[in-house]
Amino acid sequence: MQRIDHLSGGEALALRIHFDSDDLVNIRFSNRPDPLWEILLSLHLLQSDEGEQLYGRWRQTVKKKLTRMDRHLLELAPPQGYSPDFLTPAESRHGVRAGIQAIVHTPAPLLHRDLDELAAERKLPGWIDRLRRRAPDRNLIGSLGDALLSYFQQAIAPVWSPITRAVFEDHESRTRRIALTGLAEGISDLHPAIRWKSRELVIEDYSVEADRHLRGRGLRIVPSYFCHQHPMALRSPGLQPVLVYPAAHAPGGDRQSEHSLRALEDLVGPTRANVLREIAHSACSTSVLASRMGLASSSASEHARTLRAAGLISTRRVGRNVVHSVTALGSRLVGRSSPRTAVKAST
């Protein structure tokens, strides 16, 4: 994907995404954050001073905890220019662990292609250059997966509740607007740089001049908490098309929401509060919960057991799986009078 730098002169460039009739009925609006996109875009923000009001407190907290492996991740995700497309696989819509597994098993040709793109823009440190070898070092890319999961747990999981809330509320607002005004106006309203022109979605002030033809593959549109200032897309035209845009959110959330969140975390602990909010957002099995939250299955099961004992969730068996759902009490604790059903969307 291409990190957008604001253009300061010269010819204005644009990315044009071309739709046919099949694509128009296959536009999917995500109502959940994509954990690998949030990881990548947060790494960009850690290396800049952009969005100080929105991200300053988070950035200050995370910088104090950066490990050596975290700093390696920063080398792979520079704040300007290209970041490798393989870092944001389509599988991450199923959760952070599913996304990281897809990264670890990236086919060698795709790994080489993306790292060659990165090398064309900047000198690579030795460990990244080793990944460019004809036979990639699978132990090294396994370590990369471990580093991504560790970073998610340390830097992203503590703020997963406001991330999820911002993305969900942005999704609801956008889909209501589309229902009222139609697709063209609703999509154009996603961001000032986006406009709809016939069967063409144009992203203005882009870093390159490019055309993408969907050819029946549709488009996944994802609001992102850590996407700042400008929409982003993958560079490779062969990958499943995705458009990521900034989700509307206030600095730190409103006071009442922030107070409620702190109270919930004081009651059940920050990780368990995130687990409860995740189940409240969408009923799920233990394995799905673990993947979404980046937890070991045993940890997810233990958190669910504690929440169930407190009467905050209920569990029922569906086939071979058990499915957790929020109770009325749990729903009230996360700030909802009853579990909400979202407009049908991709997850």
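Guide: A residue counts as buried when its relative accessible area is under 20%. The model here is predicted, and the term applies to helix H5 (residues 96-104), where the buried residues are Val96, Gly99, Ile100, Ala102, Ile103 and Val104.

Visitor: Which helices do the buried residues of H5 pack against?

Guide: Their partners are helix H2 (35-46), H8 and helix H13 (286-293).

Visitor: What span should helix H8 have, and what separates its end C-alpha atoms?

Guide: H8 covers residues 138-156, which is 19 residues, and at 1.5 Å a residue it should span 27 Å. Its end C-alpha atoms are 26 Å apart, in agreement with that value. The buried residues of H8 include Leu140, Leu144, Leu148, Tyr151 and Phe152.

Visitor: Which residue caps the N-terminal end of H8?

Guide: Aspartate 137 does, with a side-chain oxygen 3.0 Å from the backbone nitrogen of asparagine 139.

Visitor: How should I read the packing of two helices?

Guide: Two packed helices are described by the angle between their axes and by the distance between those axes. For helix H12 (residues 270-281) and H14, the angle is about 80° and the axes lie 10 Å apart. Angles of 65 to 115 degrees count as roughly perpendicular, so H12 and H14 are roughly perpendicular to each other. H12 makes the contact through Thr271, Arg272, Val275 and Leu276, and H14 through His303, Thr306 and Leu307.

Visitor: Where does H14 lie with respect to E12 and E13?

Guide: Helix H14 (residues 297-309) lies across both strands and runs at about 120° to E12.

Visitor: What is the strand order of the sheet that holds E12 and E13?

Guide: Strands of a sheet pair through backbone hydrogen bonds, either parallel or antiparallel. In this case the sheet is open, has 3 strands in the order E11-E13-E12, and pairs in the antiparallel sense. Strand E11 (284-285) and strand E12 (313-318) are the edge strands, each pairing on one side only. Between E12 and strand E13 (residues 321-326) there are 6 bridges. Arginine 316 has valine 323, in E13, as its bridge partner.

Visitor: Turning to a loop residue, is histidine 228 buried or exposed?

Guide: Histidine 228 has a relative accessible area of 14%. Since the cut-off for buried is under 20%, histidine 228 is buried. Histidine 228 sits in the loop between strand E8 (219-224) and strand E9 (232-233).

Visitor: What does the side chain of histidine 228 reach?

Guide: The side chain of histidine 228 reaches the backbone nitrogen of glycine 51, at 3.4 Å.

Notes:
Residues numbered from 1 in each chain as written. Predicted model: local features only at pLDDT ≥ 70, side-chain atom pairs only at ≥ 80, totals over all residues. Heavy atoms only, no water. Helix = DSSP H or I, 4+ residues; strand = E, 2+ residues; numbered from the N terminus. Buried < 20%, exposed > 50% of the residue type's maximum accessible area, 1.4 Å probe, protein only. Polar contact = N/O pair within 3.5 Å; in protein donor to acceptor, adjacent residues only side chain to side chain. Expected span 1.5 Å × (residues − 1). Pairing = 2+ DSSP bridges. Contact = heavy atoms within 4.5 Å. Axes fitted to C-alpha atoms, helices over the stretch in contact; angles between N-to-C directions. Parallel < 35°, antiparallel > 145°, perpendicular 65-115°, else oblique.
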